[in-house]
Amino acid sequence: MDLEEELEKVVNNLDKSLEDIRKLYKETVDQQAYYDKMLSEFYHLFESGTFPPKIRKEIDKEFDECLKKRRIHKYILATLTSIIMQLKQKGADLDVSREIKGKNNFKPEILIDKFEKYKKYITFPIKK
């Protein structure tokens, strides 16, 4: 393989790697937002009602699982952010941006079934 072919191969691989980083970053940000929203909904669920011990244990187990998955995505996001910042310091721009969303009034989007299932234990109204 001559030098021109070698250069073309390296450039193509680099372009693909940068695209993969952009894609993985976006997916990770979306997953992180999903688990953040789920945690928020768990907090609202906990704050809005008093549950019998058996139900609370079930909810706590799901809450703990959510925390574990969120931690994994936070680690991946921190790693990707570090890579992106290092590339930007060297002059490479990935065109990666985060969407900033405003605060909305509370309405469950992920744990809808939990709020519906345990509505008799919830002491304040939840928007539907």
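Colleague: What span should the 37 residues of H2 have at 1.5 Å a residue, and what makes you say that the end C-alpha atoms agree with it?

Modeller: This is a predicted model, and within it the expected span of the 37 residues of H2 at 1.5 Å a residue is 54 Å, against which the end C-alpha atoms lie 53 Å apart, so the two values agree. Just after H2, the backbone at Gly91 adopts a positive phi of about 100°.

Colleague: What is the overall make-up of the protein in which H2 sits, in helices and strands?

Modeller: The protein has three helices and zero strands, and the order of its elements from the N terminus is α-α-α. Of its 128 residues, 27% count as buried, and among contacts between residues at least 6 apart in sequence, 73% join residues at least 24 apart.

Colleague: Why are H1 and H2 called roughly antiparallel to each other?

Modeller: Their axes cross at roughly 150°, and since angles over 145 degrees count as roughly antiparallel, H1 and H2 are therefore given that description. The two axes also come within 8 Å of each other, and the crossing is left-handed.

Colleague: Which residues of H2 are buried, and what do they pack against?

Modeller: The buried residues of H2 are Ile55, Ile59, Phe63, Cys66, Arg70, His73, Leu77, Leu80 and Ile84, and the buried residues of this helix pack against H1. As a general point, an α-helix has 3.6 residues a turn, so residues three or four places apart point the same way.

Colleague: Why is His73 called buried?

Modeller: His73, which belongs to helix H2, has a relative accessible area of 17%, and because buried means under 20%, His73 is counted as buried. Leaving aside neighbours within four places in sequence, His73 is in contact with Thr28, Gln31, Gln32 and Tyr35.

Colleague: How do you know whether Thr28 is buried or exposed?

Modeller: Thr28 is part of helix H1, and its relative accessible area is 4%, so by the cut-off of 20% it is buried. Apart from neighbours within four places in sequence, the contacts of Thr28 are His73, Ile76, Leu77 and Leu80.

Colleague: Is Tyr75 buried or exposed, and what makes you say so?

Modeller: Tyr75 is found in helix H2, and with a relative accessible area of 60%, set against the limit of over 50% for exposed residues, Tyr75 is exposed. The C-alpha atoms of Tyr75 and Thr28 are separated by 9.8 Å, although these residues are 47 apart along the chain.

Colleague: Why is Ser48 called buried?

Modeller: Ser48 lies in helix H1, and the relative accessible area of Ser48 is 0%, which is under the 20% limit, so Ser48 is buried. Its C-alpha atom is separated by 7.9 Å from that of Tyr121, a residue 73 places away along the chain.

Colleague: Which residues of the largest nonpolar core touch the most other members, and which elements give two or more residues to this core?

Modeller: The largest nonpolar core has 15 residues, of which Met38, Phe42, Leu45, Phe51, Ile59 and Cys66 touch the most other members. Helix H1 (3–48) and helix H2 (53–89) are the elements that give two or more residues to this core, and H1 gives the most, with six residues. Not counting residues up to four places away in sequence, Ile59 touches Phe42, Leu45, Phe46, Phe51 and Tyr118. There is also a second, separate core of six residues, which includes Tyr25, Val29, Leu80 and Ile84.

Technical notes:
Residues are numbered from 1 along each chain as its sequence is written. This is a predicted model: local features need pLDDT of at least 70, side-chain atom pairs count only at pLDDT 80 or more; totals for chains, interfaces and linings use all residues. Side-chain values use heavy atoms; hydrogens and water are left out. A nonpolar core is a set of buried Ala, Val, Leu, Ile, Met, Phe, Trp, Tyr and Cys residues joined through side-chain atoms within 4.5 Å. Buried means under 20% relative accessible area, exposed over 50%, partly exposed in between (1.4 Å probe, protein chains only). Helices (H or I, at least four residues) and strands (E, at least two) are DSSP runs, numbered from the N terminus. Contact means heavy atoms within 4.5 Å. The expected span of a helix is 1.5 Å times one less than its number of residues. Axes are lines fitted to C-alpha atoms, for helices over the stretch in contact, and angles run from 0 to 180 degrees between N-to-C directions. Angles under 35 degrees count as roughly parallel, over 145 as roughly antiparallel, 65 to 115 as roughly perpendicular and the rest as oblique. A crossing is left-handed if the near helix is turned anticlockwise from the far one by less than a right angle, and right-handed if clockwise.
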